[in-house]
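Please open the model in your viewer and keep the selection panel at hand. The stops below can be visited in order, each beginning with something to select.

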Amino acid sequence: MATLTIDGRRVTADPEQTILEAARAAGIMDIPTLCWYPKLPIVGNCRICLVSVEGQGKLLPACATKVADGMVVQTESHAAVENRTGVLRLLLERYPGDHLVNGGRAQPRNEFEQYVVRYGVAPTPLAGRDLALRHGDERPGDPMIRHDMSTCILCTRCVRACEDIQVVGVLDVGQRGEHTEIIVGADGDPDKAGCTWCGECVRVCPTGAIFEVMPRERFAPERVRHPEKVVRSVCPYCGVGCQVDLHVADDKVVRVTSPDIELDTPNQGSTCVKGRFGYDFPQHRDRLTTPLIRKGWVKEAGRWKWRGPAGGERDRRGGPWRTIEGEGQAAKPAGPPRAVGKSVRELPLLERLDLDIRDRGATPEAWYEPFREATWEEAMELTAQELLRLKRERGGDALACFSSAKCSNEENYVIMRMFRGALGTNNIDHCTRLCHSTSVAAMQRALNTSAASGSMREVEHAADVIFIAGANTTESHPVFGAAIKRAHERGATLIVADPRRTELAARADVHLQMQPGTDVALFNAMLNHILAQGLEDREFTAARTHDFEKVRAAVRAMTPDVAAKITGVPAERIRRAAEIYARGPNTSTLWAMGLTQHANGTDLVTSLLNLMLACGMIGRWGAAMMPVRGQNNVQGASDVGAIPFVYTDYRSVKNPQIREEYARAWGVPPESLSLKEGLMVTEIVKEESGVRGMYIMGENPIISDPDIAHAEHWFRELEFLAVHDLFLTETARYADVVLPGSSFAEKTGTFVNTERRIQVAHQAVASPGAARSDLEILIELSNRLGLKTPHRTAEDVMREIVQVTPSWSGVTYDRLEGAGLQYPVPTADSPGTAFLFDQRFPTADGKGTFVPVEYAPPVELPDDEYPFVMNTGRQLYHWHTGTMTRRASGLDRREPTPIVEIHPADARALGVRDGDPVRLTSRRNTMVSSCRVSERVAPGQVFVPFHFREAAANLLTNPVLDPYAKMAELKCCAVRVEPAESAVLAD
Ligand code: SF4
Ligand code: SF4
Ligand code: FES
């Protein structure tokens, strides 16, 4: 270690540290910096950080000079200050700083101007300058990020942040000499340059030359610069669980920023486009602000009676709207023609659409017609009456609830407590069924666990090999995707198994582009080759697993040559991937929906786990098992028991002793809690389920369920449906009662991210109108249903959760502040658990179990009639059923219309061009969308995002279910594609 003196203070520092780093570590934070930024490569070009070092003839850059033993540093010496004023004066020569004279000095607008004021530099009036202001790309018309390069000081932070943090490289330094400027690559088109609109450049720019548009359009500059408060929350989108700071003024979210890059948060300063710019949906004009009751309900003699049309389902639950099937089949105008994304410069092309851009994803006025506004008393009374009536008349199992992976742990806990404790049914499930249920089934079977073993940081910093199967991480989990790209840049080898050429697949060292649904053949062939080469980890399999020999036998016939014929991946590539995977030394294994959303998803994940266990790639830092979780709380909703088979901590509902424990905690007789496992999402929505009444919180199954036409029909036939949501969604329009709840910004609660990290989000704003907090609604309804629920706050609920959840015993709200805690947190002093299974698995004897699986072809294969394979998934700018993102103005403008990705060769053969309407027909239904010609899909395949009600992918998907997890076949169905001119059905 080196000992030096900085401004008279003795400081000890690592000799590899710079003066700036040593000073900051010692709490000396005011050495000015412009080009330097934490974690960015050092360029040392602005010279504002120059300091005096005793014995040196000239000033030295603090950001680029290493410390030395005995060094004596003065940060504000006369010479250093002189230099800074000189630097600032020079920079001001090209900066519009007229407002910084006189009174303006009290109101510096940004980091750069704060230095100008601090060092007392006066800008030369514009008229007296020799050089004109800079120009540069302005990203005209961009809904989220624009440039005003007249304020650029060429610090190049934005260039390095884009290149080194996001690993994109959109921005560059162009021209020379006085003409030097920051440019957007690809002739100024951010789309073509690969911009993801992440806003990293906005975050690091010290002058606001790169700025976000939305706050400026909606709030006065003063409000933006000085919000009333800044509240820490958790992003409402994916399972990365980025922490975000909500800036609040006038009880509205003005803008979203990310916590400091140096803080220990999952996102370390970054967010993706959704987290940073997708925050305005709670203020959308569609927001429900009062409860709604279907008009046929009237209260007579103290009871609610249905006096509306008693005829068929259409009368009972109808409304002036087209079904999703009808909308899907309706003719559509051509979409904006771009291969990937849409150029901002081309946005006026939206005029080709005959709909107002704000209305496509919004709730049509007519949807409100079957409803009347109601008081909370009416809405709660009717809901409680009907749930209790159905329980009395048909038994608790005639009821079911969908809770929500977007809601907090506390909300999910209270809703499952209500359904179990008050209504006596375990029919509680949520979107995990259509997400990672097959992963959970496979991991339970092999390792008796339900969550990731490791952490995102571990993958970024310690994995030598990253194997990604069926995960489009840079679009679905962009902040983790950027971390993976950084890992690749530092030298980790990247192997991607995906039918599509996603961004990560395109940059991978090995891309295994297999036919959809042939993953078992691929993974078994990799294992076959590993065994043939003797690359398995014999010590690990002998000491820590059972039944390895069974798997050895199961993969014997699946040689890489055999698998090549099945998967379409050359045998040599399979061998290469297998050897890299097995040699590690530390290989992390990641997967997501591409693997799980199949009717044999449990087997697909199992074959991947076999590969992982055979190579011993778990239980070491850098060898992580990571099912990458979809929604921001899909892990937590399952952890707190919002699934049909278990209470919190995955404790079985069938065990009478466990039941006793929950009965005691909830103050109910044990026999009132059912010992029968409940139904899963995909089992509930079936005629034979016997479910006649439902409570749905924050889910939209009419878009997310497979075979929508059937699902829509099923929901219309229910006796009672209550929907608790932010908007009158496609599902809510069929409800008897609609309860307006709270958005992420309006609640305090905890969320669990994909690496088991429990984080706390705080309420920033009030819910609009009469909308109420989700937790308050659930607590009141629980009490009305007769289940004593005395909790008043989310923290109260957490106190109860930890009592019945051994692996969360040490969790308190106070301890969750900051980075949160990765469970297990078994005691009050446990620091949490960053990675698991270094010694044993949580099975009876501590060993994992291999489960042999053999390849079986996908349920539906292409044939002459349906020659394409359709794959479904997410896009960068949208989220699930579009309920939130299609009402987020910036996101919606980036991706305003439904599309079908199709390979250029197939498009040519069909005679369709980018944007042309095409009709897709599967064995179940047909729908019209517009095509996006893209090499991301292989020939013979099409990709359909599932966010759009007007071209809902799930009209076509196959509802056949995985036998273990009841997951539907969402990723692989055979379709026919035709130009829509010959295909449009009657409107
Ligand atoms: S928004 Fe992100 S990807 Fe686009 S230029 Fe800025 S940093 Fe790069
Ligand atoms: S745009 Fe901002 S971050 Fe980029 S070089 Fe200019 S001042 Fe620096
Ligand atoms: S901050 Fe050190 S040279 Fe720019």
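Select helix 26 and colour Gln 657 and Arg 664, which are exposed on one side of this helix. As you do so, keep in mind that this is a predicted model. Now add Ile 658, Arg 659, Tyr 662, Ala 663 and Trp 666, the residues of helix 26 that are buried. Because these residues cover an arc of only 140 degrees around the axis, they lie on the same side of helix 26. The spacing can be understood from the general geometry: an α-helix has 3.6 residues a turn, so residues three or four places apart point the same way.

Stay with helix 26 and look at its two ends. At the N-terminal end, Asn 655 acts as the cap, with a side-chain oxygen 2.8 Å from the backbone nitrogen of Gln 657. After the helix comes Gly 667, whose phi is positive, near 70 degrees.

Next, show what the buried residues of helix 26 pack against, namely helix 12 and helix 31. Moving on to helix 31 (residues 794-803), select Ala 794, Val 797, Met 798, Glu 800, Ile 801 and Val 802, which are buried. Which elements cover the buried residues of helix 31? The cover includes helix 12 (409-421), helix 26 (656-666), strand 28 (749-752), helix 30 (774-784) and helix 32 (813-816).

For the next stop, select Val 628, in the loop between strand 24 (625-627) and helix 25 (634-639). Is Val 628 buried or exposed? Val 628 counts as buried because its relative accessibility is 1%. Beyond residues up to four places away in sequence, Val 628 touches His 436, His 477, Phe 480, Leu 590, Trp 591, Ala 592, Met 593 and Thr 754. If you draw a distance from the C-alpha atom of Val 628 to that of Met 593, which is 35 residues away along the chain, the separation is 8.5 Å.

Then go to Ser 77, which sits in the loop between strand 5 (72-74) and helix 2 (78-92). With a relative accessibility of 9%, Ser 77 also counts as buried, and, leaving aside neighbours within four places in sequence, Ser 77 is in contact with Ser 52 and Leu 59.

Finally, select ligand 1 and display the residues surrounding it: Ile 145, Cys 162, Val 170, Leu 171, Cys 195, Thr 196, Trp 197, Cys 198, Gly 199, Glu 200 and Cys 201. Coloured by character, this shell around ligand 1 divides into eight nonpolar residues, two polar and one charged.

Key
Residues are numbered from 1 along each chain as its sequence is written. Chains are lettered from A and ligands numbered from 1 in the order in which they are written. This is a predicted model: local features need pLDDT of at least 70, side-chain atom pairs count only at pLDDT 80 or more; totals for chains, interfaces and linings use all residues. Side-chain values use heavy atoms; hydrogens and water are left out. Helices (H or I, at least four residues) and strands (E, at least two) are DSSP runs, numbered from the N terminus. Buried means under 20% relative accessible area, exposed over 50%, partly exposed in between (1.4 Å probe, protein chains only). Contact means heavy atoms within 4.5 Å. A residue is near a molecule or strand if one of its heavy atoms lies within 4 Å of it. Ala, Val, Leu, Ile, Met, Phe, Trp, Tyr, Cys and Pro count as nonpolar, Asp, Glu, Lys and Arg as charged, and the others, Gly among them, as polar. The arc is that of the directions from the helix axis to the C-beta atoms. A polar contact is a pair of N or O atoms within 3.5 Å; within protein, one must be able to donate a hydrogen and the other to accept it, and residues adjacent in sequence count only if both atoms are side-chain atoms.
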